[in-house]
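Visitor: I am new to this structure. Please show me how to read its features, one at a time.

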Amino acid sequence: MDATVNAPLLEVRACRQSYHKDSSADLLVLEDVNVAIASGEIVGLLGRSGSGKSTLLRIVAGLLTPTAGEVQWRGARVTGPTQGVAMVFQSFALFPWLTVQENVELGLEAQGVARAERDKRAEEAIDLIGLGGYESAYPKELSGGMRQRVGLARALVVHPDLLLMDEPFSALDVLTAETLRTDLIDLWSDRKLPIKSILMVTHNIEEAVLMCDRILVFSSNPGRVANELRVPFPHPRNRHDPAFRQFVDDIYAIMTRRAPAAPKTAAAAMPAVDATFATPMQPVSTNLLAGLLETLAGHPYQGRADLPALAAALQLEADELLPMGEALQLLGFGVLEEGDLKLTDGGREFAHADTDGRKALFAAALRAHVPLVAAIRRTLDERWNHRASAVRFRDELEDHMSPDYADDTLRTAISWGRYAELYSYDEEAAQFSLEDVETAA
Amino acid sequence: MSSTVHPALALGRRLPNVWDLAALVCVFALIMAFAHAAPGTLKPIDAPEALAVDLSPANLPEYALRTTMRMFAALAASLLFTFTYAPWAAKSRRAGLVLVPILDMLQSVPILGFLSFTTVFFMSLFPGRVLGLELAAIFAIFTSQAWNMAFSFYQSLTTTPADLEEATRSFHLTGWQRFWRLDVPFAMPGLVWNTMLSMSGGWFFVVASEAITLGDKTWTLPGIGSYVAMALDKRDMGAVLWAILAMLVVIVLYDQLLFRPLVAWSAKFRFEMTASATAEDPWLLKLLRRTRALRVAGGAIVDVFSAIGSWRIGRPVGRVANVAAPRSRAGDAVFFALIAVVVGFAVWKVFEYVASNNVGFADLGAAVGLGFITLVRVMVLIALASLVWVPVGVWIGLRPVWARRIQVLAQFLAAFPANLLFPIFVVVIVRFHLTPDIWLTPLMILGTQWYILFNVVAGASAFPGDLQEVAKNFRVGGWLWWRRVMLPGIFPYFVTGAITASGGSWNASIVSEVASWGDDKLSAHGLGAYIAHQTDAGDFPRIVLGVVVMSAYVLLFNRMVWRPLYAFATKRLTLD
């Protein structure tokens, strides 16, 4: 073994990415991220949507320039798309007008590889990834799984040292994703892939535990590496192994723990942290919330559910379930603690109420726990014409968060407030009003 | 088919901004520059004897060929323009600020209006030679084709999918490679479709540009257009019919041999990942695909293009900063100063031109008044054509078998130069002593009404089946069905068709508000007739005035009526 084996292939140092807003301070997407990737490992970046993990992947790929910090590839600073790094896209990003073979050859063509050599290497990659016979097909003739195989072949054919994958299986159905994962891991274990390491982004906890040697768990807003876990199991891994299950459970617990680095010592059961006007909210439909509350209140959970089990039963990914749990927590209907979701008395009452009763409970919860909704209603009450433009609320939110977050948050407030009949909203005019709202309340 | 947005609707902006104003001034100054150069060179030119046109039908094949050659020469020029202007506007932030509004203005200018002085201008470049006339005709066709092709290309260039764009960077494609691997293929369906529309429009102008009368001089270029002009002069109805027949043959040939195959082929580049049910290949494309020799030849052409596309010209496009790259302030300052100088110069020239030709407010008032009459005509015609073609189009569109056939027919009719049909109408008007002010009017929409028809057909055939079933299930019928179900469903398509028809009608007004049959001259009141009369009189300042006023009408009408309608249609009447 020579020294180069131990030197990391890639190093991200003190990387910081901010969204620059003219008026106020920078809004952070990534803060102080340090990552090193050695030869021979699969590293997973796990986190909620909006935690900046995809941004980090693009910085590593040389597609984005970080605001501060640097990326080193084999000891040299990265200044653009790096030779030796190839990427697999979530959306496949195949060219619909090129055949499978032409798509695969794209990177080689860009390097100016001669035709004969190109054909040979494309052929190898296509066969390796199980696409033999599809060379002359166009992407639209292929199923999703086959398309992502083309994406993989296109990346592998340039013989990159580091393969980057951006949620490569999330656009596929469960069975197809599983087959593709297994195939990839088999090829990796048999050392048939012409690559040294893999860095993948995922929001699927099981996928990360199934594939990766090392998992970096990201916290959101701003994104930073909250935890680093080494997965101790050898390939092939068994999902049903109790140790595997426990590992998944632990990651759930980590991801539901609020602000792990906060000075306050994490209490065993966290009280619903009071939201401020500018607490980012993710749009979760009220139907989903009601359904989740009913499920929690009924058998077999009886008011308390283990998150991984609940996710499996509801066929939801962690990424989808966690925002719902957090919404319940925000409204005071539920509490997240150590990987469990527990119903509060308010939540139980909601689950058993009829439609009007639910709306009243929801309205009360919104006014008590969601300052943004309360502020909108208050403004409407104060105005003589009971109208208010959504733009001013959006602007206020944007002083505290990125436009995307502000948009999500405002949309959540609109949809929740409408359901609770606290106000109505005219999409065309972007205006809140008290029309059609019984103001007796 | 008509999923391509009309270029005039593509820009989201409605209210003119400072860049529009700058572009407006520059375009007008350009027109005046042409007009200014023209009169001085008018005198030394004599109509060459070589350009005589003979009415014998035996000459028609040759004339048709010459007319077609002009079309394709102009098409080549338009493609060249498209592939330089559009990438420049799309890739350079500064250039885009100016180039895009200029393009937007140019497509509102009625080309026929300044045919006369571009002709004189080109003849002055090649005094006494046919080449000048040829170039003038080609330039006229070019101006009818180039703008919307460039616009379509520009739009594609600015909307390439982000993930594919990232893929090209991540796999180290150079700018050149990216252009041929991503930009051009992505733009192809829109470009082919717009090229087809341009060609359709072009036939109208090639016919109009072959016989130019200015003052007491007439120049003719051998071709179908001049043949018809001669026939009109000699009151030879037989010759007119022969010409119409020849044109029909030419259009069938060009449609079958060139555009059907091209459109079918370009479907391959459509950016969709679902294999949609595609129509059967046109016979020529089938032939090309099945005949071995032709396939090999076709393959060779594709290989050449593919090889060109893989040249590693330039350096791989690097990464982008998340914050907009720090702009070069000095560069910006120089650029804006330059623009200011050009605009200032243009303003000065416009004033100088107006002042030195004593075109007063009275003339302006007259032109604006006449423009209003033409505006009323255009609006009435669009309304009438809509009343007729919307129900017909919906009926056809809901019957897939018919839709396919009629679609082809309507596109064909749109390509047929309607000005060849004018004589027939004129003879009827003269015979029955009808009022020109009313009866010349339908000529304006003769060629352009088909755009309404085929867009409505496209809209109705794309109308979701489940919504139709809902309407049936709830027994929604009669007027309620039109009001709540069908009209909102086809509205975006209708607007696209109507704006094309209205733009075309403005242009056609210049040749259709005035008509003649031998010595019988018919004239309606309107801005089109004004421009035509001033052209006959060789009064350049007033031609310019007419053209400028007409451009302003078209521009304002697009901005104040069509764009808001289109914005409303896409925002409210589509589900996604």
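Guide: Start with the domains of chain B, and keep in mind that this is a predicted model. Domain 1 of chain B is made of 60–91 + 131–270 + 281–316, and domain 2 covers 358–576.

Visitor: How many Å lie between the C-alpha centres of domain 1 and domain 2 of chain B?

Guide: The C-alpha centres of these two domains are 24 Å apart. As for their contact, 20 residues come from domain 1 of chain B and 20 residues from domain 2 of chain B.

Visitor: Which elements of chain B each supply at least two residues of the domain 1 side that touches domain 2?

Guide: They are helix 8 (175–209), strand 1 (211–214), helix 9 (224–234) and helix 10 (237–266) of chain B. Helix 10 of chain B gives the most to that side, with seven residues.

Visitor: How do the residues of that side of domain 1 of chain B divide into nonpolar, polar and charged?

Guide: On the side of domain 1 of chain B that touches domain 2, 14 are nonpolar, three polar and three charged.

Visitor: Now chain A. How many helices and strands does it have?

Guide: Chain A has 15 helices and 17 strands. Its radius of gyration is 24 Å, close to the 22 Å that the globule rule gives for 441 residues, so chain A is as compact as a globular protein of that length. Along the principal axes, its C-alpha atoms fill a box of roughly 80 × 50 × 45 Å.

Visitor: What percentage of the residues of chain A count as buried?

Guide: Of its 441 residues, 41% count as buried. Look at contacts too: among those in chain A with a separation of 6 or more, 70% join residues 24 or more positions apart.

Methods
Residues numbered from 1 in each chain as written. Chains lettered and ligands numbered in written order. Predicted model: local features only at pLDDT ≥ 70, side-chain atom pairs only at ≥ 80, totals over all residues. Helix = DSSP H or I, 4+ residues; strand = E, 2+ residues; numbered from the N terminus. Rg over C-alpha atoms; globule rule 2.2 N^0.38 Å. Buried ≥ 20, exposed ≤ 12 C-beta atoms within 10 Å, placed from the backbone. Contact = placed C-beta atoms within 7 Å. Domains from an automatic or database assignment. Nonpolar A, V, L, I, M, F, W, Y, C, P; charged D, E, K, R; others polar.
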